[in-house]
Amino acid sequence: MEHAAHASVAAMAWSAVLVAAVVPAAVRCLTHSPLWERISVPAGLALPLLVLTHAWAVLGDVVGIAPPGGARITEPVLLATAVLFWLPAVARTRHRLDGPGRCLYLFLAAPLLDLPAVGMVAAGHTAAGLAMIVGMLPVGITAVAVTWSWVNREEREALADRTAPVGAGDPVAR
């Protein structure tokens, strides 16, 4: 019984790390892939799709909605929706979010993706739930990094605008 519990904890942690770190790293490495443009969906669809798929994959066994194949079915579906989720945040597609949009998107996703893990803790699977929460930390860390990058970019642009010669960017002044 204890071995099964450890396997569950490891599976939860690995699943979370795949969704929160491995998939976005792969998408970012292939940021200009033509595949992303073909499969990308708007952020307003990608976020709820991942949240619901993640809840199904994490809580499926607990609430009795897991498919007969278990993780062999849920994990590939979860990974596919994770790719769709990360595209608006890190890839160059028609659905790419701007700086503030990426910040909001990722900061909204982080707690929503933790809710199934909280459900696991509430159902008595404390270690597995905590492993999922810890494994999903890269989403929050990415949200902070994206926000920091956006704020610094805005500040640089504002500073450049203030130090530019009068009329340098104005076609009427020429």
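**Figure 1. Cysteines and the search for disulfides in the predicted model.** In this predicted model, a search of the whole structure for disulfides returns 0. A disulfide is a covalent bond between the sulfur atoms of two cysteines. Two cysteines are picked out in this view, and their surroundings differ in accessibility: Cys29 has a relative accessibility of 67% and therefore counts as exposed, whereas Cys103, with a relative accessible area of 6%, is buried.

**Figure 2. Overall fold and dimensions of the chain.** The secondary structure of the chain consists of 7 helices and 0 strands, and reading along the sequence gives the pattern α-α-α-α-α-α-α. The C-alpha trace spans about 75 × 30 × 25 Å along its principal axes, and the radius of gyration of the chain is 20 Å, where a compact globule of 174 residues would have a value near 16 Å. Among the contacts in the chain with a separation of 6 or more, 75% are made by residues 24 or more positions apart.

**Figure 3. Surface, burial and charge.** Of the 174 residues in the chain, 36% are buried. The chain exposes about 9900 Å², and carbon and sulfur atoms supply 70% of that area. The charged side chains comprise 11 positive and 11 negative ones, with the centres of the two sets lying 9 Å apart.

**Figure 4. His54 in helix α3 and its contacts.** His54 is placed in helix α3, which covers residues 43-63, and the residue is buried because its relative accessible area is 1%, under the 20% limit. When neighbours within four places in sequence are left aside, His54 is in contact with Leu78, Leu113, Pro116, Met132 and Met136.

**Figure 5. Thr74 in helix α4.** Thr74 lies in helix α4, made up of residues 71-90, and with a relative accessible area of 6% this threonine is buried. Not counting residues up to four places away in sequence, Thr74 touches Trp56, Ala57 and Pro67; Trp56 and Ala57 belong to the stretch of residues 43-63 that forms helix α3.

**Figure 6. Asp114 in helix α5, with partners further along the chain.** Asp114 is found in helix α5, which runs over residues 99-122. With residues up to four places away in sequence not counted, Asp114 touches Ile133 and Met136. For the pair formed with Ile133, the two residues are 19 residues apart along the chain, and their C-alpha atoms are separated by 5.8 Å. Met136 also appears among the contacts of His54, so that this methionine, in contact with heavy atoms of both residues within 4.5 Å, links the present view with that of His54.

**Figure 7. Thr142 in helix α7.** Thr142 is found in helix α7, which is formed by residues 137-163, and a relative accessible area of 22% makes this residue partly exposed, since the partly exposed class lies between the buried limit of 20% and the exposed limit of 50%. Once its neighbours within four places in sequence are left aside, Thr142 is in contact with Trp86 and Leu106. Thr142 and Leu106 are 36 residues apart along the chain, and their C-alpha atoms are separated by 7.5 Å. The two partners sit in other helices, with Trp86 falling in the range 71-90 of helix α4 and Leu106 in the range 99-122 of helix α5.

Notes:
Residues are numbered from 1 along each chain as its sequence is written. This is a predicted model: local features need pLDDT of at least 70, side-chain atom pairs count only at pLDDT 80 or more; totals for chains, interfaces and linings use all residues. Side-chain values use heavy atoms; hydrogens and water are left out. A disulfide is a pair of cysteine sulfur atoms within 2.5 Å. Buried means under 20% relative accessible area, exposed over 50%, partly exposed in between (1.4 Å probe, protein chains only). Helices (H or I, at least four residues) and strands (E, at least two) are DSSP runs, numbered from the N terminus. The radius of gyration is taken over C-alpha atoms; the globule rule is 2.2 Å times the number of residues to the power 0.38. Accessible areas come from the Shrake-Rupley method with a 1.4 Å probe; for residues, only the protein chains shown count as cover. Lys and Arg count as positive and Asp and Glu as negative; His and the chain ends are not counted. The place of a charge is taken as NZ of Lys, CZ of Arg, CG of Asp or CD of Glu.
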